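Let's take a walk through a protein model together, starting with a sheet and moving on to the parts packed away inside. Have a look at the sequence and structure first.

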Amino acid sequence: MAAIGKIRQHYGILVIIIGLALLAFVLGDLMKSTGSRRATDLAVVNGDKISYQEFDAKVTQVVNYQKSIKGSLTRDDEFNIRTSVLNEMIQDIIMKEEYKKLGLTVSDEELQDLIVGEKPHTYIARNFTNAQGQFDRESLINTLDNFYNMPVEFQEWWLNIENLISEERIGEKYQSLLAHSYYLPKKLADRYNENKNLKRTAEVYTVRYISIPDSTVVVTEKDQREYYNKYYKKYPTDELRGIDYVIFEVKPSDADRESAKNYIEDLKEDFAATTNLKEFVNLQSDTDAPFDSTWVKASTFPVELEEAIAKNEVGYVFGPYENNDAFNAARILGKEMRNDTLWASVAIVKREITASEDTDREVFSEVNRFVTENKTADQFNSAIETLGLNKRTYQSLRKTTNRISGINYSREIVRWAFDDNTKVGDMSKVFPIENMYVVAVLTKIVPEGFAPYDELIKNHSTQIIKEKKGKMIAEKAKAYGTDYEKMIKELNGEKVNVENISFDSNVFGSLGNEERISGTALGMNEGVFSAPIEGGNAYAVVKVTGTTPAGNTDFNSFQTSMKSTFTNKVTNNAYNALFENAKVVNNGYLFF
């Protein structure tokens, strides 16, 4: 249609107009929330910058949409939205670069066909329907012909729909390209079939590591260093921070409890006398407990209120009584027996037991005294012990961490921990978070790369001992040469027969997970002894005693299965591979 062509011609102008409108909407809040950080790019992807303004406009759209569905959002919800939007913006840049390299595009004619063609896209079909729920082409055409007379909100919505359709279509082309890039030759299919279905049996002369007590094994610094150099590349790590922290909870005092109780006590007389009950309850009760006169079984109330309803007449006000960290007063509006069950209609005024400003100030004074008198990590730890406080630890803090044990929202702590000026041993300022104050100490900094030496050695102490035992047994076994019967007799070993050895399983009989021993058995000839193997749980010498061939390959079905597996793996992980090879600087943690 001509209308589509005109819209496409003026697409850039529309984007600018709508973008400026959104920018004007969020700019005031932006200046308040970002301060000096406005000049900092939220992220840089292969040289392309993502500005905070552009990001915040998208977040605003998603937040408003989610609020229209849910009514309200938690801080966790908003954090997850921001994280998701930023990741999508990063992905969009990376994928568009890849599409450009591959020459993948969606032409105006192709987009027009997806909108007004014989089979319009689902987004179009479900948004332009008649009273019978069928696609209404006439309504679509009339809308497009009057596009420039539509409200700016509709124009914004339409451009977003066009973008979604175009992005989905080019994504389909990319996925199709990947899916058709795989070919499985017959020889490779035969190899896969053999690896999957070939099985072997073996005679194994083995000495289990468990036969040597751990207490007799001396692990040296050299042993640890050799282990680290051998395995560290298997343990990549994100950039991490470790913290110790203490929480000072602001809990209601006895005075606060008495205040809430007195509040309910003081209004009982007016509660009993009022003639405008709904207005009274809504005015005097906490906002989460509005007037409700629904008839319910009396047994659904706390026991003391149920008993009061049973013993007293309509109009009686019972209270104060405590329930779910609040004091309440209840006025009986009605009661009756239904099938031997007491039912009642009750109006309730609720006063939550909360910490007062005086209590908050007392706790803050305690926290302030703590940080004033303790400036170092050693003083921090000593004071915690002296005061009997509960020191907590979190040793895997990431830039994306949103929740720390015991703390519902911890982004401010994360930003402090990852600040370039924060060093190991530094104490934080006081973080006020909801009903608590938090003080932390930075205990470690782990750069992106591989697990640090000390941490890997600590976490793999058992494996290091096993490797040491393997070397000890290997050294002793040299004295017996190829007399394996004597070896297992003298070294407290055993001879075991293992069946169903396959490439599909690393479990090697009763020896458990033994990749090295299993792989050796699968790669050697029958009837000969292998070289000694220092496995994960045992030292072993293997002799293959039998082989069950894989059988002939049903090439067509095998090819279909392997192609499906390959396609799923590639399409699901293609972006991850592109992301790993992209140059991405993500500064999101500085902003949210």
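## Strand 5 and its neighbours

Strand 5 and strand 12 (residues 436-446) run antiparallel and are joined by 10 bridges. Keep in mind, as you look, that this is a predicted model. Strand 5 also has a partnership with strand 10 (residues 391-397), again antiparallel, this time over 5 bridges.

You can pick out some of the facing residues by eye. Here are three of them, each starting from a residue of strand 5:

| Residue | Partner | Strand of the partner |
|---|---|---|
| R241 | I445 | strand 12 |
| F248 | Y437 | strand 12 |
| Y245 | R392 | strand 10 |

Now zoom out a little. The pairings belong to an open sheet of 4 strands, in the order 10-5-12-11, with antiparallel pairing. Strand 10 and strand 11 (431-433) sit at the edges with a single partner strand each, so one side of each has no neighbour in the sheet. From one strand to the next, the twist averages 35 degrees.

## What covers the sheet

Is strand 5 (residues 240-249) mostly covered or mostly open? It's mostly covered: of its 10 residues, 9 are buried.

Two helices lie across strands of this sheet. Helix 15 (residues 377-387) lies across strand 5, strand 10 and strand 12, and runs at about 40 degrees to strand 5. Helix 16 (residues 411-418) lies across strand 5, strand 10, strand 11 and strand 12, and its angle to strand 5 is about 135 degrees.

Here's a handy rule for when you look at a sheet: side chains in a regular strand alternate between the two faces of the sheet.

## The nonpolar cores

Next, the inside of the protein. Which residues have the most contacts inside the largest nonpolar core? They are I50, F55 and W158, in a core of 45 residues. Several elements supply at least two residues each to this core, among them strand 1 (43-45), helix 3 (52-70), helix 8 (152-179) and helix 21 (555-581). Helix 4 gives the most, with 10 residues.

F55 is a nice one to click on. Setting aside neighbours within four places in sequence, F55 is in contact with L42, I50, R82, V85, L86, M89 and F592.

There is also a second, separate core, which has 19 residues. I243, M436, V438 and A440 are included in this second core. To tie things together, find I243 on strand 5 (residues 240-249), then look across to strand 12 (residues 436-446), the strand joined to strand 5 by 10 bridges.

Notes. Residues numbered from 1 in each chain as written. Predicted model: local features only at pLDDT ≥ 70, side-chain atom pairs only at ≥ 80, totals over all residues. Heavy atoms only, no water. Buried < 20%, exposed > 50% of the residue type's maximum accessible area, 1.4 Å probe, protein only. Pairing = 2+ DSSP bridges. Axes fitted to C-alpha atoms, helices over the stretch in contact; angles between N-to-C directions. Contact = heavy atoms within 4.5 Å. Core = buried A, V, L, I, M, F, W, Y, C linked by side-chain atoms within 4.5 Å.
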